[in-house]
Amino acid sequence: MEQNNTYNQSDTTQNEDFVKLQQWLSLCISKWHWFLTSMIVVGGLAVLYVLTTTPTYTRKMSILIKDDDASSSLSKEFGQFSDMAFGKSRTNIQNEMITLKSITYMKEVVQSLHLDMNYTIDGTFHDRVIYGKDLPVNVVLPDIDPDAYVGFILKINNNGLELSGFSNKADDEKGKVILGKLNTPIQTPIGKVIVTPTKSYVGKFDFPIHVAKYSTADCTKNYANSLNVELNQERASVVDVTLNDASPERAEDILNKLFEIYNKKWVEDINQQAISTSQFIDEELRLIESELGIVDQDISSFKSEHLVPDLHEASSIYMNKVETTNSQLLELDNQLFMAKYVKRQLSDGHKFNVLPANSGIDNGVISQQIANYNEMVLQRNNLAANSSENNPLVQDIDKSLTSTKHAIRAAIDNVIATLTDRIAALQSSESKTKSQIASNPTQEKYLLSVERQQKVKEQLYVFLLQKREENQLSKAFTAYNTKMLNPPTGGKAPTKPVKTNVAIIAFVIALLIPMIIVFIVSNMDTTIRYRKDVSSLSLPFLGELPLSYKRRKGIFGWFHKQKDIRTIVVQEKNGNSINEAFRVLRTNLEFITGKEGKNKRIMFTSSNAGSGKTFISMNLATSFAIKDKKILVIDLDLRKASLSSFISTPPIGISDYLSGNIDDFENIIVKGKTHPNLDVIPVGTIPPNPTEILFSERLAQLLDSVQDRYDYIFVDCPPLEIVADASIINSHCDMTIFVIRSGHLDKSILPNIEKFYVEKRYKNMMIVLNGIDTSSNGYGYGYGYGYGYGYGYGYGNDK
């Protein structure tokens, strides 16, 4: 049972939620004029936005960043360049993408194209940028600080130039007009102005030109933010560079200039390594040349002084062995010399320098370490130039360089120690060989030593000369790091604002605004509108009635309030909704009163004025009259006499009878004026003391006298709690019909109505819900009366 109860509660909750959603959707449909108004207003604002927004155009170029050795474009004859790392640089794609967006590069673009100067003319809805072929003149402001902003209006006519509207100056200077000529300095309140014609200049220009000079830093930042750099594909090295700007021609120029500056900076960075190597070679050549001259002079002087003969043939047997040793010593000395030089470079006071890549050291590990070290030095210097020494990336590379530096130094120390040991061993072998030459004089030993030094210097000198030529070729054949695959291009239509997107957004907003308003209004509405709002009451629900008129739609519906209808809408053989509703109400009332006709005296009242109790009592009485029931309707609302207006408000009525002015009540009964079976007793004279009159015994005598003559007696009363009349009248009635007008009674009154019923303050109390707006409710009235017509309550069966 508990599980079934849980299921039932869940189903009930889902049904209630569905009903609420259905009612909300129905309410939205009924407020179609709100949606139409919202569409018109929001659509107009969207059109205004599109017209007043400066169009933005997008231009895109695609460039290929070569992620390989820069020297790969050279011929195989220069393959040794890569051995020394001359011109060698591995490209990191992400770093190059960051470099393309750098402020440094964009600032150079701004300065080169004078992008801090902006020229516009007045358009119909927004200012139009003129640039390139549309710009007749260029303006130069030599006295203005690069980070300052100034502006003025320039007019070009046949007589010369007119300058006015100067910004950042006093009001009297803003209105000042300065005349001038082309190519001539013009003194203005903002300083000297020079206007020069462009290739597009044809004389007079029909529109005033708004000239604005912006801060170079701000322009650089704006263009850098408008620039977008992204990979074309994830694993490709093709980069797409896009730029948004109000002038498509200017966007193309910016992208082309950026590509040009990037290539120039790349070549400068690559050549810087070659320059450093060239300086090292020139310095070493000068040193070796000096040392070689000294050795040559020593040999020449020694031979001249001692007349040393040629002893090679005499010592050929021993000399062959000595020469072999000398050759090995020569190679080891060369390696030892270069190793010590590299070590001196690593110990230099400068923080990070490019090392000679091909050091002559016969050690592949050290050569690779030097190549990696040089690559990191170049990368580090490039990042430092675009940012600062405090950049976290620069600091990380500094740590890596320091670690690499220590590793290279340790490796070189090991090489030096090994070379030293090998040289010592060879020198020992040479000494033994020389000792065997007992017949050679001391002079020959000296010459051998000096000549060996001479050969070392000569070979080293030739080696460096060769490398210097290779380095010069490397500079001459340096290839660009990039290749433009697609030049800056784009469509003729602007990319912003996108009319389709604006239309979609406007359409969504135009729908959301009234939907939200309907949702808020429906949730903030605390009045009783539908039958479900009174479902919490325990008193019987007699029926519900729709509006008897169509509520006015549109904007004027806010200001139009329908007056109470003083007419009888119930007609014989009429099958409209209001007639059908009264038939259902009549049937329910007959069922409650029973066949014997008990509870004949029925009082109609409400909680507030304007609930429609008078309208219901008169029309319900007419519905009974059409069914051949004798009905008497008494207007006991002695203060307003609303019901009396249905029969043209006769001058005499029940107030005259109760006050004793008329003795025979037959004289106050208006018979058959609206229907033969319907009689009415009007108020007559409006009394000054209605409550006292209602205490008259004549009221009970009147009701007792007419009870047997009529099937039903309807009594129209004032609202409850406003006056005491309803309570007095209720003592003479059998039944109370409490009328609630949809949208007029607050839900907070429901506990009071429930209290009236529970305490039986009014006899046989029941509820009628009046004035339901069926156009905004797909649930209330349509459900209540759809079935009634099919079961014999249509006009075809009604008298």
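**Pairs, edges and buried spots**

Me: Which residue in β9 is the bridge partner of V139?
Reply: V195 is the bridge partner of V139 in β9. Keep in mind that you're looking at a predicted model.

Me: How do you know that β4 and β9 pair?
Reply: Count the bridges. Two strands pair if at least two bridges are found between them. β4 and β9 have 4 bridges, so they pass that test. They run in the antiparallel sense.

Me: What makes β4 and β8 the edge strands?
Reply: Look at the sheet order first: 3 strands form an open sheet, β4-β9-β8, with antiparallel pairing. β4 (137–140) and β8 (186–188) each pair on one side only, and that's what puts them at the edges. Neighbouring strands here are turned by 30 degrees against each other on average, direction ignored.

Me: How many bridges join β8 and β9?
Reply: There are 3 bridges, in the antiparallel sense, between β8 and β9 (residues 191–197). With at least two needed, β8 and β9 count as a pair too. Along that pairing, Q187 stands opposite K192 in β9.

Me: Which residues of β4 are on the covered face, and which on the uncovered one?
Reply: V137 and V139 make up the covered face, while N138 and V140 make up the uncovered one. There's a general reason why you see that kind of pattern: in a regular strand the side chains alternate between the two faces of the sheet.

Me: What makes β15 "largely enclosed"?
Reply: 6 of the 6 residues in β15 (residues 601–606) are buried, so the strand is largely enclosed by the rest of the structure. Unlike the split you just saw, both faces are covered here: R601, M603 and T605 sit on one side, and I602, F604 and S606 on the other.

Me: Which strands pair with β15 in the parallel sense?
Reply: β19 (residues 712–716) pairs with β15 over 4 bridges, and β20 (residues 735–741) pairs with β15 over 5 bridges. Both counts satisfy the rule of at least two, so both are real pairings by that rule. To find them on screen, look for M603 opposite V715 in β19 and S606 opposite V739 in β20.

Me: Why is T220 called buried?
Reply: Buried means under 20% relative accessible area. T220 has 3%, so it's buried. T220 lies in helix α7 (residues 216–226), and, leaving out residues up to four places away in sequence, it touches I103, M106, K107 and V110.

Me: Which residues in α5 meet residues in α7?
Reply: I103, M106, K107, V110 and Q111 in α5 meet T216, C219, T220, Y223 and A224 in α7. By class, this contact has 6 nonpolar, 3 polar and 1 charged residues.

Me: At roughly what angle do the axes of α5 and α7 cross?
Reply: The axes of α5 (residues 103–113) and α7 cross at roughly 115 degrees, coming within 9 Å. The crossing of α5 past α7 is right-handed.

Me: How do you know that D533 counts as buried?
Reply: Same cut-off as before: under 20% is buried. D533 comes in at 12%, so it counts as buried. D533 isn't in a helix or strand, but in the loop between α13 (499–524) and β14 (541–546). Its contacts, not counting residues up to four places away in sequence, are T527, I528, K747 and L750.

Me: What makes helix α4 largely enclosed by the rest of the structure?
Reply: In α4 (residues 93–100), 6 of the 8 residues are buried, so that helix is largely enclosed. The buried ones are I93, N95, E96, M97, T99 and L100.

Me: How many helices and strands does the chain have?
Reply: The chain has 21 helices and 21 strands. Of its 799 residues, 44% are buried.

Key:
Residues are numbered from 1 along each chain as its sequence is written. This is a predicted model: local features need pLDDT of at least 70, side-chain atom pairs count only at pLDDT 80 or more; totals for chains, interfaces and linings use all residues. Side-chain values use heavy atoms; hydrogens and water are left out. Buried means under 20% relative accessible area, exposed over 50%, partly exposed in between (1.4 Å probe, protein chains only). Contact means heavy atoms within 4.5 Å. Axes are lines fitted to C-alpha atoms, for helices over the stretch in contact, and angles run from 0 to 180 degrees between N-to-C directions. A crossing is left-handed if the near helix is turned anticlockwise from the far one by less than a right angle, and right-handed if clockwise. Ala, Val, Leu, Ile, Met, Phe, Trp, Tyr, Cys and Pro count as nonpolar, Asp, Glu, Lys and Arg as charged, and the others, Gly among them, as polar.
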